[in-house]
Number of protein chains: 2
Amino acid sequence: MNHDIDNQSWLTEVMDNTGTAFSLRLSNNDAKLHEAQTEFQKIEVWQTETFGRVMLIDGCVMLSTRDNFLYHEMIVHPALHLHSNPKKVAIIGGGDCGSLREVLKHDSVTAATQIDIDAGVTRASEQFFPELCVANDDPRATLLFDDGLKWIREAEPNSLDVIIVDSTDPVGPAEGLFGVTFFADCHRVLAEGGVLVQQSESPLCHVELIRNLRAAMTTGGFENLHTLHFPQPVYPTGWWSATLASKGNNLQRLRESQAGLQTLYYTTAIGRGALSTPPFLAAALS
Amino acid sequence: MNHDIDNQSWLTEVMDNTGTAFSLRLSNNDAKLHEAQTEFQKIEVWQTETFGRVMLIDGCVMLSTRDNFLYHEMIVHPALHLHSNPKKVAIIGGGDCGSLREVLKHDSVTAATQIDIDAGVTRASEQFFPELCVANDDPRATLLFDDGLKWIREAEPNSLDVIIVDSTDPVGPAEGLFGVTFFADCHRVLAEGGVLVQQSESPLCHVELIRNLRAAMTTGGFENLHTLHFPQPVYPTGWWSATLASKGNNLQRLRESQAGLQTLYYTTAIGRGALSTPPFLAAALS
């Protein structure tokens, strides 16, 4: 959505369910770089003045050049550092390829498969966010454009170590990715000790969604749930979460990172802080 | 500032220097609860739909009912847990009394003095944020309405353990609170091992300010600087920082909290994560 505030042009996302709106000032009158209506959704890319480029899907901000490192690092690195030796990883959604890039920073990973329903997202990312796509040609990477629900349903039992659900909000194509049937399929496909992580919206304003998501994961067979939290300025309330769970044995304490792991936000201490549940959230989830 | 978006009434703060704007939907047409022009600044209180009440000073959002616990806990608890035995604490600014309340949760504290230049802020907080003022009658508390710069300049050497600078942005009355002269005075007034903490804006968008603040603290005599970070949805970018430093000996690792310390956000692990500098910020500050 494009609005005027004080006679300047802004890209404004109104979040009805949080009663908030967030706006980024556009750089000029030709700020819309891309618009495509795919079979699944409407994809836009805008040029902002201070946050670089911004991708929207169906009017919701998905990522910006400036701050996507927060989300991508935090949906990937805590999960991979909680697994003792992650080799085979699947990313459901994640078409911008930023999560794939983070996964492939782990030397232990031998195969990473990204399954996004919409090739249009990856094509837009290749063109407007090429820095997120630098690992797409890694020989360990496979990019599929397919229904993630179906892919997981048909995958071999015990064939994955980590599943990362890097989805849009739970409406439209992503709705099933928040349900029990999907999580039961994920549980079957993960090997013992496997880790599931799913983006789970704002820890301040979407507690009901988080509670439902955790219940669905538990019903789907998962144990050891943790809702981790991190800043994400372009998302509603600027504070976001992901919810982790494991198949079988306890999640271990976050491993120290391999030597030379390059990140912009993630450190072991930040990861451990993110996995510590704030008392207000623990109370709301209990 | 009060704007219309999609024909609804919103309280919108435009942040020119970050190219962002944040809006909260107002609850009804009588949403302005309070407006006062004091000798120092304009104070407003508005009723929002989802964030409770919001206080603005000179058009900038200072706090909301819903999320002020993040800022107040994070400007207070890391500093007090880094000091080995904090007894005497001063809060410069902090007229809403939320930081004072957090300080007085520490059993070690024997005296906490709040020095805000503008009694109008405290009067508005007593009326519209009474939950922040519950410790104002604690026998250890002293509330002064005076110039914090002058108060620190005239204070006895080695008389304080912790100084918390809970100020507005570095324009108007708060400008001097970001300068070398003030920090040199703070250094003199703190006892050996004393801790200073000052709010220091967004770690994503105000790196220049943080760098200047750290340089001023260092020139003022401080050592062991740490810029800690935490979510704060109603502030620009939803991600905020405070910068800590010590007089003399090394800051220790965060102490475990006393039994029964009641917080909504702070845990020891969250505090340690907040004190771990993200690599992007370390690079920007070096």
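Here are legends for a handful of close-up views of this predicted two-chain model.

**View 1. Where chain B meets chain A.**
Let's start with the place where the two chains touch. On this interface, 44 residues of chain B are in contact with 44 residues of chain A. Together the chains bury about 3400 Å² between them, and 67% of that sits on carbon and sulfur atoms. If you want names to look for on the chain B side, try Gly19(B), Leu204(B) and Trp239(B): they lose the most area to chain A, together 14% of what that side buries. Why quote an area at all? The size of an interface is often given as the accessible area lost when the parts come together.

**View 2. Polar links across the interface.**
Now zoom in on the pairs that reach from one chain to the other. The rule finds two salt bridges across the interface of chain B and chain A. In one salt bridge, the side chains of Arg25(A) and Asp16(B) meet at 2.8 Å, N to O. There are also 14 residue pairs in polar contact across this interface.

**View 3. What chain B brings to the meeting.**
Which parts of chain B each supply at least two residues of the side that touches chain A? Strands S1 (2–5), S2 (8–15), S3 (20–25) and S13 (223–231) of chain B do, and helices H1 (68–82), H7 (268–274) and H8 (279–285) of chain B join them. S3(B) gives the most, with six residues. Sort this side of chain B by class and you get 22 nonpolar, 16 polar and six charged residues.

**View 4. Two strands shake hands between chains.**
Here strand S3 (residues 20–25) of chain A is joined to S3(B) by five bridges, and the two strands run antiparallel. To find your place, look for Leu24(A), which stands opposite Thr20(B) in S3(B).

**View 5. The seven-stranded sheet of chain A.**
Follow this open sheet from one edge to the other and the strand order is S10-S9-S8-S11-S12-S14-S13 in chain A, with mixed pairing. Strands S10 (141–145) and S13 (223–231) of chain A are at the edges with a single partner strand each, so one side of each has no neighbour in the sheet. Neighbouring strands of this sheet are turned by 15° against each other on average, direction ignored.

**View 6. Inside the chain A sheet, with a helix on it.**
Strands S8 (residues 88–93) and S9 (residues 111–116) of chain A pair in the parallel sense over five bridges. Within that pairing, Ile92(A) stands opposite Ile115(A) in S9(A). Helix H5 (residues 180–189) of chain A packs on the sheet and touches S8, S11 (160–166) and S12 (190–199) of chain A. The direction of H5 makes about 145° with that of S12(A).

**View 7. The seven-stranded sheet of chain B.**
Over in chain B, an open sheet of seven strands has the order S10-S9-S8-S11-S12-S14-S13, with mixed pairing. Which strands of chain B stand at the edges? They are S10 (141–145) and S13 of chain B, each with a single partner strand, so one side of each is left without a neighbour in the sheet.

**View 8. Helices packed on the chain B sheet.**
Strands S8 (residues 88–93) and S9 (residues 111–116) of chain B run parallel, joined by five bridges. Ala90(B) has Thr113(B) in S9(B) as its bridge partner. H1(B) lies across S11 (160–166), S12 (190–199), S13 and S14 (239–246) of chain B, running at about 160° to S11(B). Helix H5 (residues 180–189) of chain B packs on the sheet too, touching S8, S11 and S12 of chain B.

Notes: Residues numbered from 1 in each chain as written. Chains lettered and ligands numbered in written order. Predicted model: local features only at pLDDT ≥ 70, side-chain atom pairs only at ≥ 80, totals over all residues. Heavy atoms only, no water. Contact = heavy atoms within 4.5 Å. Buried area = accessible area lost by both parts, 1.4 Å probe. Salt bridge = Lys/Arg side-chain N within 4 Å of Asp/Glu carboxyl O. Polar contact = N/O pair within 3.5 Å; in protein donor to acceptor, adjacent residues only side chain to side chain. Helix = DSSP H or I, 4+ residues; strand = E, 2+ residues; numbered from the N terminus. Nonpolar A, V, L, I, M, F, W, Y, C, P; charged D, E, K, R; others polar. Pairing = 2+ DSSP bridges. Axes fitted to C-alpha atoms, helices over the stretch in contact; angles between N-to-C directions.
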